[in-house]
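Here are my notes for a colleague who has the sequence and the coordinates open alongside. Please read them with the viewer at hand.

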Amino acid sequence: MSSAKVVNRFAGGEHYAPLSEIIIRPFLEAIPRIRSLLTGPPHRWTVREVGDGNLNLVFIVKSQGGGVCVKQALPYVRLVGESWPLPLDRAHFEHEALKSETAVVPDLVPEIYHFDAGLAVIVMELLEPHIILRKGLIRGQRYPKLAGDIARFAAETLFSTSDLAVTARTKKEHMAIFCLNTELCRITEDLVFTDPYRVAELNRWTKPQLDDIAAKFRNDAELKVAVQELKWMFLSRAEALLHGDLHTGSIMVTPDETRVIDPEFAVYGPIGFDVGAFMANLLLAYFAQAGHATPGDDRKAFQGWILETLEAFWTGFERRFLALWRTKNRGDAFTTGLFTDAAGTQALEAYRTATLARIFQDSVGFAGAKMARRILGLAHVEDLESITDPDRRAACELRALDLARTLMVNRAGITSVHQLRTAAEAIRTG
Ligand code: SR1
Ligand code: MG
């Protein structure tokens, strides 16, 4: 497929133009729902482009009476530039995923006000005074509701789109929508599972401190088998509709509220991919803390809080997923009525427990892959990038890579979240 064809797929390319702080006003003014949210004349609205992610434009538009957030896909990867074209239809996949999430966790996602496929624009609730979770973690801020909220988000969204919850027909129809999100999946396939393990033009790392470990990763056959096995799982195991990019930059928080944003990488895939993404980003935040320590605050207590959050997240996810399975198993997998007698009930419950253990093991592996890609691949994380002294940053990154490798290669040996915590702590002190 030519890149021009890819870029214009589904998005009514001939109507597309990137929004600016000027043309966004008449665009919003013409939408009745938005007109009722933004008060006063459009020239009085304040408009700021605030996008600092890798892909899109994000505008915050405020009037005296209220505000909105406007997200628009660009026809290329913002992080790299026009040399890397990207389809605008990712806004369509994001919109579809947001609708699916809203059906089960409306309080954990932004409200959608308007979708324009031609412009690849989603107008949504302005989340204020929320901040990006990653930035809060860099500052050492605690979020008491985070673990429970993300556990509920993951359990509800993943269960509700799985064969346990819906009929085979419903699932296949929904899968048909997201199967076409091929270009964003391709980014994940390359950037997470492949590029950090080969020489790739866009790879980068802290040089020269990490040169040796980068070369080791490229020549580590055991590790490459492990990560390719994870990639195969990502490609082939369509267990549930994934958020697809559930890192701490895709979560907005206040001390009392959590919202998950940005599901443009949504696709059907293995449940452990989303669960592992969140774990990985907590672990990256954990290893970065040493780089943010000051004489007055060694950040050790905060590191302890991060690991408690990791444990509470997994425990909460497991509990809620199991509860949903026990009470809302209306799909075609594990057909209701097959397990009514005592032996059946017992066998089913044992299978449920074993399945959650398998999902944990998958999550551990995916967490390792998601950690390594943020240190050796193209797209890094602010937790580590904001450590300005390269030696100090590299020390944190080496510890994170040490754990990442273990999680991928030895995921079968890590059978509880407590063991995962201990493995992380052993590296910090080791
Ligand atoms: C080229 S896009 C790089 C990364 O940004 C997104 O947040 C995804 O994680 C993607 O892999
Ligand atoms: Mg994103």
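The points below go from the ligand site to a buried arginine, one helix and a few backbone features.

1. Before anything else, please keep in mind that this is a predicted model, and that the distances, areas and angles quoted here are therefore values computed from a prediction.

2. The shell around ligand 1 consists of N54, L55, V77, I187, L191, D245, H247, F265, R373, R374 and A379. Sorted by class, these residues comprise six nonpolar, two polar and three charged ones. Helix 8, spanning 182-193, and helix 13, spanning 342-376, each contribute at least two residues to this shell.

3. Where does ligand 1 lie with respect to domain 1 and domain 2? Domain 1 (13-125) and domain 2 (131-429) both give residues to the shell, so ligand 1 lies between them.

4. Three side chains deserve inspection for their polar atoms facing the ligand. A polar side-chain atom of N54 is 2.7 Å from an oxygen atom of ligand 1, and an N or O atom in the side chain of D245 is likewise 2.7 Å from a ligand oxygen atom. For R373, the distance between a side-chain N or O atom and an oxygen atom of ligand 1 is 2.6 Å. On its own, ligand 1 has 320 Å² of accessible area, of which the protein covers 94%.

5. H247, one of the residues in the shell around ligand 1, also leads to R134, since the side chains of H247 and R134 make a polar contact of 3.2 Å. R134 belongs to helix 5, residues 133-138, and its side chain makes a polar contact of 2.8 Å with the side chain of D383 as well. Is R134 buried or exposed? Its relative accessible area is 7%, and because buried means under 20%, R134 counts as buried.

6. For helix 4, residues 90-104, a simple check of length can be made. At 1.5 Å a residue, its 15 residues should span 21 Å, and the C-alpha atoms at its ends are 22 Å apart, which agrees. The buried residues of this helix are R90, A91, F93, E94, H95, E96, A97, L98, S100 and E101, a list that includes the charged side chains of R90, E94, E96 and E101.

7. Two peptide bonds that precede proline are cis and should be looked at individually. The bond joining E128 and P129 has an omega of about 15 degrees, and P129 is placed in the loop between strand 7 (121-125) and strand 8 (131-132). The bond from K207 to P208 has an omega near 0 degrees, with P208 in the loop between helix 8 and helix 9, the latter covering 211-218.

8. Finally, two residues other than glycine have a positive phi. For D262, phi is near 65 degrees, and this residue sits in the loop between strand 11 (258-260) and strand 12 (267-269). With a relative accessible area of 22%, D262 is partly exposed, because it falls between the 20% limit for buried and the 50% limit for exposed. For F334, phi is near 55 degrees, and the residue lies in the loop between helix 12 (300-327) and helix 13. F334 is also partly exposed, with a relative accessible area of 26%.

How values were computed:
Residues are numbered from 1 along each chain as its sequence is written. Chains are lettered from A and ligands numbered from 1 in the order in which they are written. This is a predicted model: local features need pLDDT of at least 70, side-chain atom pairs count only at pLDDT 80 or more; totals for chains, interfaces and linings use all residues. Side-chain values use heavy atoms; hydrogens and water are left out. A residue is near a molecule or strand if one of its heavy atoms lies within 4 Å of it. A polar contact is a pair of N or O atoms within 3.5 Å; within protein, one must be able to donate a hydrogen and the other to accept it, and residues adjacent in sequence count only if both atoms are side-chain atoms. Accessible areas come from the Shrake-Rupley method with a 1.4 Å probe; for residues, only the protein chains shown count as cover. Helices (H or I, at least four residues) and strands (E, at least two) are DSSP runs, numbered from the N terminus. Domain bounds come from an automatic or database domain assignment. The expected span of a helix is 1.5 Å times one less than its number of residues. Buried means under 20% relative accessible area, exposed over 50%, partly exposed in between (1.4 Å probe, protein chains only).
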